Amino acid sequence: MRQYLNLKKLIAITSIFALVFSFSMCSEKEQANSSTVKMSIDLDQPGPEINRHIFGQFAEHLGFGIYGGIWVGPESEIPNTRGIRNDVVEALKALKVPNVRWPGGCFADQYHWRDGIGTPEERKSKINVSWGGTPEPNTFGTHEFFDFINMIGSEAFISANVGSGTVQSSADWLEYLTATGSSLAEERARNGHPEPYDVAFWGIGNEVWGCGGPFTAAEYITELKKFATFTNNYNPNVNTQFVAVGPDSFDEYSFGYSEAIMEAWSKKTWTWDIQGLSLHKYTRGGWPAVIPATGFDELQYAAMIKETLGMDQFIVDNSTIMDKYDPDKKVSILVDEWGTWYAPTEGTNPGFLQQQNSQRDVIVAALNFNIFARHAERVHGANIAQMINVLQAMIFTEGEKMVLTPTYHAFRMYVPFQDAIRLPINFDKGKYKAGNIDLPRVDAIAAKGKDGNIYVAITNIDPNNPASVDLEFTGHSILSVNGETLYASSIDAINTFEQPNNVSPKTIKANVSGSNISVAVQPQSVTVLAIAVKN
Ligand code: AHR
């Protein structure tokens, strides 16, 4: 009997042990996968403004970026206003695009603005040497560009030609655009625009260490001083910001540019100044770009996300250099080219940089927005490459057809972060592992929008597991919460002309209890919540 009791005890102890053991195994697994992520947001410690210009776009004369994408000409059967596609304009209005960088890119340093003004007969046709050697009719020029950005409610970021242009042509172009009462201003009026244009940003060259030069940093600084001294904005309503070329994260030739330019800037004379330093950083998995835009596996996804997160270190490295010469942060960083760069779509001209756009691009976009917002003290602008039909585009067109890409929706969902006040948000990023690639599981930013609401953007990087997120707003009760989520059942899901809404935002439900919100987010998703709080 005693033996039997001991046996019973042993069995009982063993099963309790097994139960406890299996419970702890299970909770460890859950911990790694779907445990609750607690985020606390401090409404009482407002940070810097998230400059709306970090949501800027880039439209280059490249492939179907301008011709076919924006410009179809007034005679086209595709509905247009003065040659500019109505469908594209309507779609872009919803993004509140703060600025459009134009005409390049590499194209900028081969662009001569006089070729693109005047009557149709006066336009010069050229060869687009940078991109595919295709004809460049110059039917879309200065006036058409300003007409376009005016239609979408955006500001101008002009990249001037340093590589093959002269200081005089740069000076003349900005005078043509902004002056009153000069011969160039009269010429502008004759060409249909008596009022001066507003030019928000003026890029002094593009990638001058590469396609726009090539110059060493010292050679560029000599050019920079001349271009910055003699190019003037004459429009008193606008403080045009001059942007110097900085480094690209991949190019050894641009190494040292930030240091050299900032040192030169710290010793500048009264004749010249810059307000911005450009950085370029793509997510492209090496060079040449061979990573497929669709049909990739989880490891390829994770590798691209890891590379995207490298944007943070790139900004930190350059900010550290800038802080040495400019502790007051008078010179901004403008990441005026970023985005994914994959292998070109099969059957397209490789010089046209056409690629598909998937749910992976949504995650890449959101992570970059978050990084820019976290560096809001120094990063005052960024331009995704590019707006239409090129690289990580917002929109694809084909003849009269148009489709919005997953990236378009990410930009639309982040609109409330434009000029919002960043708020501290604390959370454990967790872990997501693919092969030997270690990544955070979630990312998030919070801000107080211009409408007084609090906005929280949550990215679930993990493609395999949902996440329960608990948001805490200590000391503030929640009045209401609305949200949208951008989720697709596969990480390489795309929108097509036939299935345009495959990847599109859906309403998401969140639960409120006092000063807490709980929400369940899908794997590989981006969610933006709009929260009304009681002050
Ligand atoms: O966006 C495509 C190209 O990438 C740009 O023209 C150039 O500046 C960069 O190398």
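# Strands, helices and one buried Asn

Me: Which residue stands opposite Glu472 in strand 26?
Reply: Asn516 stands opposite Glu472. Bear in mind that this is a predicted model.

Me: What makes strand 22 and strand 26 a pair?
Reply: Two strands pair if there are at least two bridges between them. Strand 22 (residues 467-472) and strand 26 (residues 516-521) have six bridges, in the antiparallel sense. Therefore they count as paired.

Me: Which sheet holds these strands, and what is its order?
Reply: An open sheet of five strands, in the order 17-1-22-26-25. Its pairing is mixed. From one strand to the next, the twist averages 20°.

Me: Why are strand 17 and strand 25 called edge strands?
Reply: Strand 17 (425-427) and strand 25 (510-513) each have a single partner strand, so each has one side without a neighbour in the sheet.

Me: What is the other open sheet like, the one with strand 16 and strand 24?
Reply: That sheet has six strands in the order 16-20-21-27-23-24, with antiparallel pairing. Strand 16 (421-423) and strand 24 stand at its edges, because each has a single partner strand. Here the twist averages 25° from one strand to the next.

Me: How do you know that strand 23 pairs with strand 27?
Reply: Count the bridges against the cut-off of at least two. Eight bridges join strand 23 (residues 478-486) to strand 27 (residues 525-533), so the pair qualifies. The two run antiparallel. Asn482 stands opposite Ala530 in strand 27.

Me: What makes strand 24 a partner of strand 23 too?
Reply: Three bridges link strand 23 to strand 24 (residues 506-508), in the antiparallel sense. The cut-off is at least two, so this pair qualifies. Gly483 has Ile508 as its bridge partner in strand 24.

Me: How many bridges join strand 20 and strand 21?
Reply: Seven, between residues 442-448 and residues 454-460, again antiparallel. Val442 is bridged to Asn460 in strand 21.

Me: Why is Asn495 called buried?
Reply: Buried means under 20% relative accessible area. Asn495 has 2%, so it is buried. Asn495 sits in the loop between strand 23 and strand 24.

Me: How do you know that the Asn495 side chain makes a polar contact with Val503?
Reply: The cut-off for N or O atoms is within 3.5 Å. The side chain of Asn495 reaches the backbone nitrogen of Val503 at 2.6 Å. A polar atom of that side chain also lies 3.1 Å from the backbone nitrogen of Asn502. Both distances are within 3.5 Å, so both fit that limit.

Me: Why is helix 4 called oblique to helix 5?
Reply: Their axes cross at roughly 60° and come within 7 Å. Roughly parallel needs an angle under 35 degrees, and roughly perpendicular needs 65 to 115. The angle meets neither, so helix 4 (residues 167-178) is oblique to helix 5 (residues 183-190). The crossing is right-handed.

Me: What makes helix 3 oblique to helix 4?
Reply: The packing angle of helix 3 (residues 142-152) and helix 4 is about 50°, with axes 12 Å apart. That angle also falls outside those ranges, so the pair is oblique. Helix 3 passes helix 4 in a right-handed crossing.

Me: Why is helix 9 called largely enclosed?
Reply: Because 15 of its 16 residues are buried. Helix 9 covers residues 359-374 and reaches 23 Å, close to the expected 22 Å.

Me: What caps the N-terminal end of helix 9?
Reply: Ser358 does, with a side-chain oxygen 3.1 Å from the backbone nitrogen of Arg360.

Note on methods: Residues numbered from 1 in each chain as written. Predicted model: local features only at pLDDT ≥ 70, side-chain atom pairs only at ≥ 80, totals over all residues. Heavy atoms only, no water. Helix = DSSP H or I, 4+ residues; strand = E, 2+ residues; numbered from the N terminus. Expected span 1.5 Å × (residues − 1). Buried < 20%, exposed > 50% of the residue type's maximum accessible area, 1.4 Å probe, protein only. Polar contact = N/O pair within 3.5 Å; in protein donor to acceptor, adjacent residues only side chain to side chain. Axes fitted to C-alpha atoms, helices over the stretch in contact; angles between N-to-C directions. Left-handed = near helix turned anticlockwise from the far one by under 90°.
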